[in-house]
Each structure stands twice: as C-alpha cells, then as structure tokens.
Amino acid sequence: MAEIIDTTLDRAGALARAVDVLGRGRPIALPTETVYGLAADATRADAIASIYEVKGRPRFNPLISHVSDMEMAARHGLFDPISRRLAEAFWPGPLTLVVARAPDSAVHALATAGLETLGLRMPAGFAREVISAFGKPLAAPSANTSGRISPTTAAHVADDLGSAIDLILDAGPAGIGLESTIVKVENGQLRLLRPGGLEAADIEAIVGQRLLRQDSAGATLEAPGMLASHYAPGAAVRLDATEVRPGEALIRFGGAALPGEEKAAIVLDLSPTGNLQEAATNLFSYMKQADATGARTIAFSAIPDEGLGEAIRDRLERAAAPR
Ligand code: TXA
Ligand code: MG
C-alpha cells in the first residue's frame, strides 16, 4: 500500500520523500488546487509509461506538463503574447495553456503523444513546491483509473490506486474540485479545448475576445484526450431530473426538494445556496458517495449553464454518456 504523508504536518519530510520517489522514475499522487494528480518526471519515458500503466490509460492521450515558475515554462513552451498575458493573470491556477513546444524542450514525446504542442500548467499550493524542489516539469493526469471519477481527496486516491503507487501526498480536499480549463491560441484567436475550474468569462475579460468553442466545420473543440464517456461512476447517470424514481440516488443543486426524494437511496445537494463554486468543489466526492450507496442510477437535477456551470455540465454529460 502507498505511504500517505500529511503535508500540513511534515512539509519538509513530504518534499524530500516526493523528490526521492520521483527521482527513481516512479509516479506519486500530488495534491493540486483542481484535483489530485498522478505525477511523474515529464522528461523520462519510463516514468511516463508508469503513469499510463497505473491509470490503465490509452496511450494516445497527451499529458499536461506542470511547472513551478515562468522560467521553467519558457524552457519548454513558446509563449505568444496572449498565452503570456494569460499566464501572468492566472498562474499559479486552474488554467492549462497549450503552446508550441520549444525545440529543445526535454519533455518526452510519450508525454506529448508526439504533438508539436505542449499543455503547460503552473499549479498552486504544495504541488508547486514539489515541482520546484524536483527542478523538472511533472506530467500529471488526474490520479484515478482511466475513465473514472477524478479524485479530490487523498482517500479517493488511496481507494483507487493505493496498491499501485508508492506515495500519496495529502494536502486536504482540493479547493476547486474540477480539472483545469484548457485553452489554445490559434491564429491570434483563443480556443476553449476543455471547460474547467477557471470560468471562460474570466479569461475573456483578460484577453478582450470571446473564446471559440467550435472549429470551422462547427464541431465542438476538444483536447485530444477528451473521451465522450468519462468521469463514470458505477451507477448509470440521469441528467436534468425533475423527479426522483424509487431507489435512485439524488444529487441536486440549489436547495429545492424534488418530488419523490423521500424514496431516494441518498439525497445530496451540491450547493443548497446555489453557489456554483461550492458545487464544483463537491461534485466528484458527492458522485462517489452516491455511487457507494449501490443505487443503480444517480439522478442529477439541472445545473445552470453559466460560469462554472459550463464545466460541471461538461463533466456530467460525460458521466452520462454511453459506455
Ligand atoms: O487540473 C488538471 O488539469 C489536472 C491536474 C492534475 O493538473 N490534470 C488533468 O490532466 O486533468 P488530464 O490528463 O486528465 O487531462 C489532460 C488534458 C487531456 O484532455 C489532453 O488531451 C489535454 O489535456 N492536452 C494535453 N496536452 C495537449 C496538447 N498539446 N494539445 C491539446 N490538448 C492537450
Ligand atoms: Mg482525468
């Protein structure tokens, strides 16, 4: 079983142990402000291969390289003016910038899936300290079995991957609870590849232009690793429920009771006051709680399609997609 170190009790010990395991080319579970990541040396083929192996992930997905500072970022990615402005405004934070890969970047092709571009993110909190101490970028997808719900606590990681990895750093529940927003500049225009923990409107306010969400053929833009079915609990998922069927688990939003909920297996409210940030923080852990009841279906009431609601609805639609 993985060793779990509480980073709030032993910062120096946790850092030293993390650097040691990473230096041996092994992955660790790393707390970030979005979700817990499964992090390994982005420059080593064996280290990246072990991420894919632990997650059971399809190999064609490119991984995000996490950096501790702008100097490290600029060694691996080429920043156009818009990407630079966004990095200055939102890093460290829940934003991934897809930029051209620097010709002499040491990030391994296994981490980029051979693309000429690179997804870069500077995470906040303990993750950033680990990267800084390690001195190299860390490739890190979410620390869950491929296709399942992303972890927002160390306990989630331990339940899922505890027997497959050596070290889990525990920094408490992830504050944001949804993966980073991914954007890419193309021909001076900013494209949204994945909605996430940073609201599209906050990005639009900085760059003074609307984010493009569709390509020239009208298809929805996506990061290449975005599979339709993802974030899947064991139970089936029913969206925009207006009533609860007997035995279903209910996850609602906004505090209002739904008809039939007295016969639900469990009733959880993402945010009784209708706060989308609170809903994002609770989403994955409530999905796990609802799933743990053994209910065959989890019903979700409607989530508003504004602000962080865009990313929450994206995750729910993937959870509900045919598997
Ligand atoms: O918040 C997050 O982003 C978390 C934490 C751990 O940092 N990480 C995360 O990684 O969500 P992952 O591997 O689950 O998602 C990475 C996404 C994939 O959809 C992948 O296709 C996209 O980033 N991506 C990575 N590099 C890319 C590139 N060069 N071009 C386009 N998309 C890219
Ligand atoms: Mg993931």
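Does Asp 41 count as buried or exposed, and at what relative accessibility? The legends below describe a predicted model, beginning with this residue.

**Figure 1. Asp 41 in strand E3 and its surroundings.** Asp 41 is found in strand E3, which spans residues 36–41. Asp 41 counts as buried because its relative accessibility is 1%, and buried means under 20%. Two polar contacts of its side chain are shown in this view. One joins the side chains of Asp 41 and Thr 43, at 2.7 Å. Another joins the side chains of Asp 41 and Lys 136, at 2.8 Å. When residues up to four places away in sequence are left out, Asp 41 touches Leu 22, Ala 47, Ile 48, Phe 134, Lys 136, Pro 137 and Leu 138. Lys 136 thus appears both in this list and as a partner in a polar contact.

**Figure 2. The buried residues of helix H7 and the elements that cover them.** Helix H7 covers residues 154–161. Its residues Ala 154, His 156, Val 157, Ala 158 and Leu 161 are buried. Several strands are included in what covers these buried residues, among them E1 (3–6), E2 (28–31), E3 (36–41) and E9 (167–170). The covering elements also include two helices, H2 (45–55) and H9 (276–292). Strand E3, one of the covering elements, is the strand in which Asp 41 of Figure 1 is found.

**Figure 3. Salt bridges around Asp 20.** Side chains of opposite charge can pair when their charged atoms come close. Arg 17 forms a salt bridge with Asp 20, and the closest N and O atoms of this pair are 3.1 Å apart. Both residues lie in helix H1 (residues 11–23), where a spacing of three residues corresponds to about one turn of the helix. Arg 24 also forms a salt bridge with Asp 20, with the closest N and O atoms 3.3 Å apart. With a relative accessibility of 24%, Arg 17 counts as partly exposed. Asp 20 is partly exposed as well, with a relative accessible area of 37%. Arg 24, at 45% relative accessibility, likewise counts as partly exposed.

**Figure 4. A salt bridge between Arg 121 and Glu 33, and a salt-bridge network.** The closest N and O atoms of Arg 121 and Glu 33 are 3.1 Å apart, and the two residues form a salt bridge. Arg 121 lies in strand E7 (residues 117–121) and Glu 33 in the loop between E2 and E3, so the pair ties together parts that are 88 residues apart in sequence. Arg 121 and Glu 33 are both buried. Elsewhere, salt bridges that share partners join Glu 3, Arg 17, Asp 20 and Arg 24 into one network. The count of salt bridges comes to 22.

**Figure 5. The interface between domain 1 and domain 2.** According to the domain assignment, the protein chain holds domain 1 (3–213) and domain 2 (236–319). The C-alpha centres of the two domains lie 27 Å apart. In the interface, 22 residues of domain 1 are in contact with 16 residues of domain 2. The area buried between the domains is about 1500 Å², and carbon and sulfur atoms give 60% of this area. Ile 149, Leu 178 and Pro 195 supply 41% of the area that domain 1 buries against domain 2, more than any other three residues.

**Figure 6. Polar and charged pairs across the domain interface.** Two salt bridges are found across the interface of domain 1 and domain 2. In a salt bridge between the side chains of Arg 213 and Glu 310, the N to O distance is 2.9 Å. Five residue pairs are in polar contact between the two domains. The side of domain 1 that touches domain 2 has nine nonpolar, eight polar and five charged residues.

**Figure 7. Ile 266 in strand E14 and its neighbours.** Ile 266 is found in strand E14, which comprises residues 266–269. Ile 266 is partly exposed because its relative accessible area is 21%, and partly exposed covers values between 20% and 50%. Residues up to four places away in sequence not being counted, Ile 266 touches Glu 248, Ala 249, Leu 250, Gln 289, Ala 290 and Thr 293. Ile 266 and Thr 293 are 27 residues apart along the chain, and their C-alpha atoms are separated by 7.4 Å.

Notes: Residues numbered from 1 in each chain as written. Chains lettered and ligands numbered in written order. Predicted model: local features only at pLDDT ≥ 70, side-chain atom pairs only at ≥ 80, totals over all residues. Heavy atoms only, no water. Domains from an automatic or database assignment. Contact = heavy atoms within 4.5 Å. Buried area = accessible area lost by both parts, 1.4 Å probe. Salt bridge = Lys/Arg side-chain N within 4 Å of Asp/Glu carboxyl O. Polar contact = N/O pair within 3.5 Å; in protein donor to acceptor, adjacent residues only side chain to side chain. Nonpolar A, V, L, I, M, F, W, Y, C, P; charged D, E, K, R; others polar. Buried < 20%, exposed > 50% of the residue type's maximum accessible area, 1.4 Å probe, protein only. Helix = DSSP H or I, 4+ residues; strand = E, 2+ residues; numbered from the N terminus.
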